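Me: I would like to go through a model with you, starting with helix packing and then turning to the sheet. Could you take my questions one at a time?

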Amino acid sequence: MEILAPAGGEEQLIAAVRSGADAVYLGTRSFNARRRAANFDPDALKKAVAYCHGRGVRVHVTVNILVASSELHELADTVREVAEAGADAVILQDLAAAALFRELAPDIPRHASTQMTVHNVQGALLAGELGFTRVILARELTLAEIRRIREETDLELEAFVHGALCMSVSGQCLLSA
């Protein structure tokens, strides 16, 4: 069991760590679904990771949006920044982004974002085949559906228990709005 808390900026990061989070998830200045949050530039990301690691807290960086082909060069810079900062995992939606992390930062575990809407055993197994170590399950799953996925896969599973609830399509908040 892991308590993973959002950290949209430095203030939220400190609050999450002080409140007992085992890990935090946060975004860089680009390529994440939390554009309205303060987020972290490369220097702030390094400081955030050092602060968390000094207190035994893991850092998962969100790169959980779809990436255009024209953005892949910029994304490569972000991959390097995330790796240099020492992040413990990256949360991904786009398969091209996952491939880029696998190529440029193969030691960083890749987590399939809730934006991938994994909602069944077959989806979880495919995520594993694609190199993901954790699946952040679609929010609309029942406990029985989560249990079935747990029984049929060895992947780490994550489920939201509180926070922003996207209606209609899990993780597709703007579409659902």
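Reply: The turns below treat a helix pair and then the strands of this predicted model.

Me: At what angle do α3 and α4 pack, and how far apart are their axes?

Reply: Helix α3, residues 72-85, packs on helix α4, residues 95-104, at an angle of about 50°. Their axes are 10 Å apart. That angle makes α3 oblique to α4.

Me: Is the crossing left-handed or right-handed?

Reply: The crossing of α3 with α4 is right-handed.

Me: Which residues meet there?

Reply: From α3, the residues are L72, L75, A76, V79, R80 and V82. They meet A96, A97, L100, F101 and L104 of α4.

Me: How does that contact divide by class?

Reply: Ten residues are nonpolar and one is charged, with no polar residues in the contact of α3 with α4.

Me: Now the sheet. What is the strand order, and is the pairing parallel or antiparallel?

Reply: The sheet is open and has seven strands in the order β1-β2-β3-β4-β5-β6-β7, with parallel pairing. From one strand to the next, the twist averages 30°.

Me: Which strands stand at the edges?

Reply: Those are β1 (4-6) and β7 (156-158). Each has a single partner strand, so one side of each lacks a neighbour in the sheet.

Me: Over how many bridges do β6 and β7 pair?

Reply: Strand β6, residues 132-136, pairs with β7 over three bridges, in the parallel sense.

Me: What stands opposite I136 in β7?

Reply: E158 of β7 stands opposite I136.

Definitions and conventions
Residues numbered from 1 in each chain as written. Predicted model: local features only at pLDDT ≥ 70, side-chain atom pairs only at ≥ 80, totals over all residues. Heavy atoms only, no water. Axes fitted to C-alpha atoms, helices over the stretch in contact; angles between N-to-C directions. Helix = DSSP H or I, 4+ residues; strand = E, 2+ residues; numbered from the N terminus. Parallel < 35°, antiparallel > 145°, perpendicular 65-115°, else oblique. Left-handed = near helix turned anticlockwise from the far one by under 90°. Contact = heavy atoms within 4.5 Å. Nonpolar A, V, L, I, M, F, W, Y, C, P; charged D, E, K, R; others polar. Pairing = 2+ DSSP bridges.
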